[in-house]
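Please read the following note with the sequence and the structure at hand. The points may be taken one at a time, locating each element before moving on.

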Amino acid sequence: MRPPDTSPLHGRDPLLRSLVPRLTGLTYDERSRTPREHQGDLPVVLVTGHHGMGRSAVLADLAAHYRSRLPLAHVRVVPGESGALPYAPADGTAATASTLVGILAELVCGLGPELRRRFPVLTPGLFAVSGWDRDNSEQRDATCLLHARLLLACRLADGDEDTLRHTWATAVEGRLAGPATDDAQRDREAVTAAVVAEYTARYEPGAAREWYGRRFPPGADGQDPLPLLGEWFHQGGDYRDFAEQSLMAAFLHDVAASYGRLQRWNREPWPLVLLDDAHRPAGRTFLDLLLKNRALPERPDHEELLVVASRLGELPEGDEDDEGEYPAAIRRDLADLVKSSGWTRRGRAPSAGLLAVPLAPLSRDDILPLLVPARPARPLHPYLASAVHSLTGGHPAATTALCAAVLDATGKGEGVEPRGLLELTAGDGRAVTEVLLERLLPDRRQRDRLTLLSLARDSTAAEALAAHLRFQGPDQLPANSATDYLEDQQWQRLTSPDEPLVADPLLQTLLVHEARRTSRGADDGRGWQEIHRFLRIHHAQRGESGEADALRHTLAAGNAETVVAALAEEFQSEQDEQAAAHWVLCLRYAATAPTPPTPPAGDWIDERTQVALGAHDGRYAELDEIERCVNRLLHALWHVSEPHAEPDPDMCKAVGEELAYLSPRHRSWHAVLGQAARGWPVAARKKRPLPIPGE
C-alpha cells in the first residue's frame with residue numbers, strides 16, 4: 001500500500017489558519033474561539049491535488065490541531081477489501097476503511113466517545129447491514145471485531161476488543177440453526193437475522209426500529225425494519241441505494257440529536273470529519289450521500305457537521321457536453337480564502353454544497369526558507385531556489401525532497417550547482433529521483449515502463465518503442481496501459497496519439513533522468529543509446545515532418561557531429577526563403593535533447609560550454625567556417641535549453657553572436673536569422689520560449 005501523501009506544509013495557511021477556523025469556530029493554534037462564517041448550512045470542503053501536493057498532510061495537520069478540542073474523526077479511504085482486521089488506529093493516525101459501512105463505523109468510533117448521544121439509530125443499522133458469509137471465518141472475525149469496536153465506542157460494552165469480538169461471534173453463531181446451505185443469500189439473511197436478534201436482546205433498539213420503520217414504504221409495514229434494512233442492503237441495486245441513504249440519514253440524525261438547545265446555546269463546537277482519499281469509490285459514495293441529504297428542500301435533521309475531504313487530482317471542469325463530476329461546486333483558490341470562503345449554496349443541486357480548494361504549487365518565496373541550513377555551512381548557489389522552482393514547478397514533495405538533499409550535501413561539504421540537482425541523493429543514500437518517482441508513481445511495473453517510454457516524443461512513438469522493447473504482460477498495448485495509468489493517477493486527461501506520453505513536466509523530467517541514470521551502456525538492448533537510435537529511425541521514416549525529432553534523438557545519443565552536418569548541409573544547400581523557419585525550428589527543437597549518460601553509466605563528457613565558446617575549434621579543423629559556427633551554436637543552445645538551470649550569460653551571448661554570423665552568409669535567410677539573433681539571447685536569459693520568426 002502506498003504511503004499517505006505527507007508533504008510538509010508550506011503556503012497552506014489560508015486553508016489551515018483562515019477557512020477551517022471560521023467553519024469550526026475555533027482558532028488554529030490557540031485554544032480560543034473565533035466567529036463562524038457559516039451557521040446552519042456548511043459547505044463540504046474538498047481539498048484537491050496531485051500526488052505529493054500535501055493533501056494528506058493538510059488533513060493530518062488539522063487532526064493534530066483540533067483533536068481533543070472538538071469531536072473529531074480522521075479516516076483514510078483505501079481501495080478494495082484488504083481482508084485485514086479493523087483494529088483501532090494508533091494515536092494520531094487515520095483509521096482506514098474501504099466501504100461506506102466501514103467509513104460510517106469509523107466515524108462512530110471516532111466521534112461516539114465525544115458526543116452526548118452515541119449514535120443510537122445508526123449503530124443498530126450498521127449491525128444490520130454488516131453480516132458475513134457463513135463459511136468465511138476471516139470475514140466473520142473482521143465483522144465481529146468491527147462490531148466490538150462499535151460497542152466499545154458507544155459504551156454499550158466494556159473490556160478488550162479481541163475478547164468482546166470472540167464472545168460476540170460465539171453468541172451470534174449460537175443463534176444460527178444448523179450448518180450452512182447451498183443458498184448463499186438465504187445464509188446471509190440468516191446471519192443478518194442472528195446479528196439483529198443478538199443486538200436486540202442485549203440493547204433493545206426500539207427507537208432505532210421506529211426511526212427506520214418510518215423510512216420504509218407502506219408495503220413494508222409489519223416487517224421488522226432492521227433485518228429488512230440488511231436484506232435490502234445486500235440485495236443491491238436500488239434497494240442498496242435506499243439502505244445507504246438511510247444509513248447516512250441516521251448518521252446525520254444522531255449527530256444533530258447530540259446537540260440540544262443547551263449545547264447550541266453554549267456554542268459547543270460541532271464535529272470535524274477528515275476524510276482522506278475521498279476519490280475512491282467508498283469516499284465518493286459517502287460524499288454523494290451527504291451532499292444529497294443536505295440538498296433536500298426540508299432537511300429533517302439540521303446538523304452543522306464540518307467535513308474536510310481530500311481528492312487525488314483536480315476537480316474536472318464541466319463543458320457543454322459534460323457537466324463534470326460536481327457541476328455546481330464552488331471552486332476557490334487558496335489566496336481567495338483569507339477573508340472569506342466565497343461559498344454560498346446556489347440552487348438545490350447536491351454538488352452546490354461543495355467547496356473545492358485546489359492546493360497550489362509553492363512559490364519561489366516559499367522555497368527559499370527550505371534552503372536555510374540548520375547550522376553554518378558553505379554558501380549556496382545564489383539562484384538555487386529559482387532552479388529548484390524551475391525544476392519542480394513548486395511541487396511540494398519534489399521541492400522538499402530536493403531541498404533536503406541540497407542541505408544534506410552541503411552539510412557534508414559538497415557544492416551543489418543548479419545543473420546538479422537531479423544528481424543528489426536522498427537521506428537513505430538512494431538517488432533522489434528514484435525516491436520521488438516511487439512516491440509519485442506507486443505502481444512499480446508501470447513506473448519501470450514509463451521510465452523508458454518517456455524518451456519517446458508522443459504516444460504513437462511510445463507505442464512503437466514498446467513493441468520494439470517487447471514489453472511483456474497482460475496488456476495488449478503497453479504504452480496505452482501506461483497512459484491509462486497516468487490518467488487513473490490524475491496526472492493527465494485523455495492523451496491523444498500526437499501528444500507527449502507524459503504530460504506533466506516534472507514527471508517527464510524525473511523519468512528521463514531515471515532512464516539516463518539506470519542505463520547500462522551501449523550493449524544494453526534497453527539502454528539509452530539503443531532507445532534513441534530506434535526513435536531516430538522511427539522519426540526519420542516520416543520524412544520532413546520527423547526531421548526535428550530525428551535530430552533531437554541523434555543529439556540525445558551524443559552524436560552532435562551528425563546533427564551539425566545535417567544542419568550545415570541544409571543551411572548551405574537550401575535557398576528557399578520559406579525553409580528558414582523550418583531550419584530554425586529544427587535547430588531549436590534538437591537543442592532540447594536530454595544529455596546522454598555520463599560515466600559510469602555512459603561515456604559522454606559534458607563539454608558544451610567549451611565547444612560553444614570555441615575552445616575546441618581545433619578539433620574540427622576539417623570543418624569549414626559555417627560548419628564550425630553551427631557546431632558552436634548548437635552546443636550553446638543545448639546548454640541554455642535545460643529548463644531547470646540558470647542561463648549562463650556567456651552561452652546566451654554566444655547564441656546571438658553565432659546566429660548573427662550566419663545571418664549575412666545566407667542569401668535568403670538573413671532576415672529570419674537576424675531576428676533570431678536579436679530575440680533568442682533575450683528570451684534565453686529570461687527563460688522564455690525561443691521565438692520562431694514569422695510564427
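**Note on strand 5 and Thr200**

1. In the pairing of strand 4 with strand 5, Leu274 has Val308 as its bridge partner in strand 5. The model under review is a predicted one. Strand 4 covers residues 272-276, and 4 bridges connect it to strand 5, with the two strands running parallel.

2. Between these two strands the chain passes through helix 12, residues 281-294. This β-α-β crossover from strand 4 to strand 5 is right-handed.

3. Strand 5 also pairs with strand 1, which spans residues 44-49. The pairing is again described as parallel, here over 5 bridges. Within it, Thr48 has Arg311 of strand 5 as its bridge partner.

4. How many residues of strand 5 are buried? The count is 7 of the 7, over residues 306-312, and the strand is therefore largely enclosed by the rest of the structure.

5. The student should next consider the directions in which these residues point. Leu306, Val308, Ser310 and Leu312 point one way from strand 5, whereas Val307, Ala309 and Arg311 point the other way. Residues pointing either way are buried.

6. A separate point concerns Thr200, which is found in helix 7, residues 184-203. Is Thr200 buried or exposed? Its relative accessibility is 18%, and because buried means under 20%, Thr200 counts as buried. Leaving aside residues up to four places away in sequence, Thr200 touches Pro205 and Arg209.

Methods:
Residues numbered from 1 in each chain as written. Predicted model: local features only at pLDDT ≥ 70, side-chain atom pairs only at ≥ 80, totals over all residues. Heavy atoms only, no water. Buried < 20%, exposed > 50% of the residue type's maximum accessible area, 1.4 Å probe, protein only. Helix = DSSP H or I, 4+ residues; strand = E, 2+ residues; numbered from the N terminus. Pairing = 2+ DSSP bridges. Right-handed = clockwise from strand over helix to strand, strands pointing away. Contact = heavy atoms within 4.5 Å.
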